[in-house]
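Visitor: Hi! Could you walk me through this protein? I'm new to reading structures.
Guide: Happy to, let's look at it together.

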Amino acid sequence: MPAEFVEALPILQKIRNAGYEAYFVGGSVRDVLLDREIHDVDIATSAYPAETKRIFEHTIDIGIEHGTVLVLENGGEYEVTTFRTEDVYVDYRRPSHVNFVRQLSEDLLRRDFTINAFALAENGDVIDLYHGLDDLENRILRAVGTPQDRFNEDALRIMRGLRFAAVLDFELASETFVAMKSHAHLLEKISIERIFIELDKLLTADFWQKGFRDLLAISAADYLPGFSDAQKLAQLLKLPEGFVFTNSVQAWGYLLHSLGYSDGKFLLKKWKVSKDFAGQVTHFLTAYQHRKAAAFSSEDLYHLGLSSLTLVEELLAAQGAETDFERICALSDALQIRERKEIVMTAGQIMTAFDIKPGPEIGELFHEIELAIVRNQLENSETAILNYVKDVRK
Ligand code: ATP
Ligand code: MG
């Protein structure tokens, strides 16, 4: 058992000593069996939330209506969730009601894929009610129960499934694939933020090409904002086999490029991404398109940032193009300022020094100064700037 589980064993033991069942469940069990690094350790128990709270001295209600109590013990934090079933789904996304139950088997039945439906007992036994171990062995992603029902209940599972295929390098079981395809239209009912999270994980996964191929094969793109041109999307798969995106900015930037967007802002708004992320993707996109026409200049570097330019070079390198890393690094070292406010004089100070009245002149002049500094035609010092202004205003 890995250290994360061993550390959490006293929690299971305490629950058991109080007369209830408790197991490790969910993705961490799957990841341990696959010899992958684990992140969050989830515990499921037959104890109802109020009962769990009675067992431990320090708890926080983090999702008590769904049965989850955060237990603070021995310096760690553990999510302990009561076995539950889910009632009818409203709007294909959230169960209208969850019912707490005492049977582990009922809890495992509500889980999405067989490889996510294991329970690991204190003694190391794996409880595998849906032949998940066989699926792990054969690297198959299979919905628990009747796939049609499972995607009908919650269409986000379609995106989760594509994501797991991409992260784990798993094939979709054929009935699971068919059900994903026939329910893909329900993606329109799912919040775009949640779809973004899954698609983002898919694109940045090691086996994203597999997940992305599946995504196209089930026609999911028809139901994602701005993605309906499947032919253009398929361009993404022309990247060399085995290529992995450096990060989300590069992945989304190249995706937008493939879709033919020269400015992705409008589309990214539909995807409700953060302003910061949208800004980085737009910079990448501009840089990628610039670079196809000409080599990067100091101005490109200043306006788009070293990280965008590096991401572009990396992507071009992957496609076999000659790269320009060294020159870009030299440009970056030579750059005197990274942003406007690093100019040693403010517009106000220049106005005072030369008695310039507010108006368009100062704006233009300041912009010229900025450009001259970026191009290394002007030193970023007070004396140099004052001389420069004297000169241009003669
Ligand atoms: P990750 O590596 O992303 O954490 P995970 O499988 O642990 O993957 P979580 O979102 O952390 O995913 O969920 C934990 C567990 O809860 C899953 O393994 C699965 O059993 C169950 N689960 C999560 N989301 C769903 C869902 N939409 N439908 C059914 N079961 C789900
Ligand atoms: Mg998890």
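**Rings and a binding site**

Guide: One thing to know is that this is a predicted model. Let's start with F196, which counts as buried, at 15% relative accessibility.

Visitor: Buried, okay. How many aromatic pairs does the count come to?
Guide: The count comes to 15 aromatic pairs. In one of them, the ring centres of F196 and F277 are 5.7 Å apart and the planes are at 70 degrees, so this pair is edge-to-face.

Visitor: Where in the chain do F196 and F277 sit?
Guide: F196 is in helix α9 (residues 192-203) and F277 is in helix α14 (residues 275-293). They are 81 residues apart, so the pair links distant parts of the chain.

Visitor: And is F277 buried or exposed?
Guide: F277 is buried, because its relative accessible area is 12%, and the cut-off for buried is under 20%.

Visitor: Which residues do ring pairs link into a cluster?
Guide: That cluster is made of F196, F227, W252, W271 and F277.

Visitor: New topic! Which residues does the "binding site" annotation cover?
Guide: The unreviewed UniProt entry lists G27, R30, R111, D154, R157, R160 and R163. The lining of the largest pocket includes G27, R30, R111, D154, R157, R160 and R163.

Visitor: What does R160 touch?
Guide: Leaving out residues up to four places away in sequence, R160 touches D112, F113, N116 and E198. R160 lies in helix α7 (residues 156-168) and counts as partly exposed, at 24% relative accessibility.

Visitor: Last one: which ring does the charged end of R102 sit over?
Guide: The ring of Y48, with the charged end 3.7 Å from the ring's centre.

Key: Residues are numbered from 1 along each chain as its sequence is written. Chains are lettered from A and ligands numbered from 1 in the order in which they are written. This is a predicted model: local features need pLDDT of at least 70, side-chain atom pairs count only at pLDDT 80 or more; totals for chains, interfaces and linings use all residues. Side-chain values use heavy atoms; hydrogens and water are left out. UniProt positions are given in the numbering used here, feature names are shortened, and annotations may be inferred rather than shown by experiment. On a 1 Å grid over the protein atoms alone, a cavity is a set of points where a 1.4 Å probe fits but cannot get out, and a pocket is an open set with protein on both sides within 12 Å along at least five of seven lines; lining residues have an atom within 4 Å of a point. Helices (H or I, at least four residues) and strands (E, at least two) are DSSP runs, numbered from the N terminus. Buried means under 20% relative accessible area, exposed over 50%, partly exposed in between (1.4 Å probe, protein chains only). Contact means heavy atoms within 4.5 Å. Rings of Phe, Tyr and Trp (its six-membered ring) pair if their centres lie within 6.5 Å; planes under 30 degrees apart count as stacked, over 60 as edge-to-face and the rest as tilted. A charge sits over a ring if NZ of Lys or CZ of Arg is within 6 Å of the ring centre and within 35 degrees of the ring normal.
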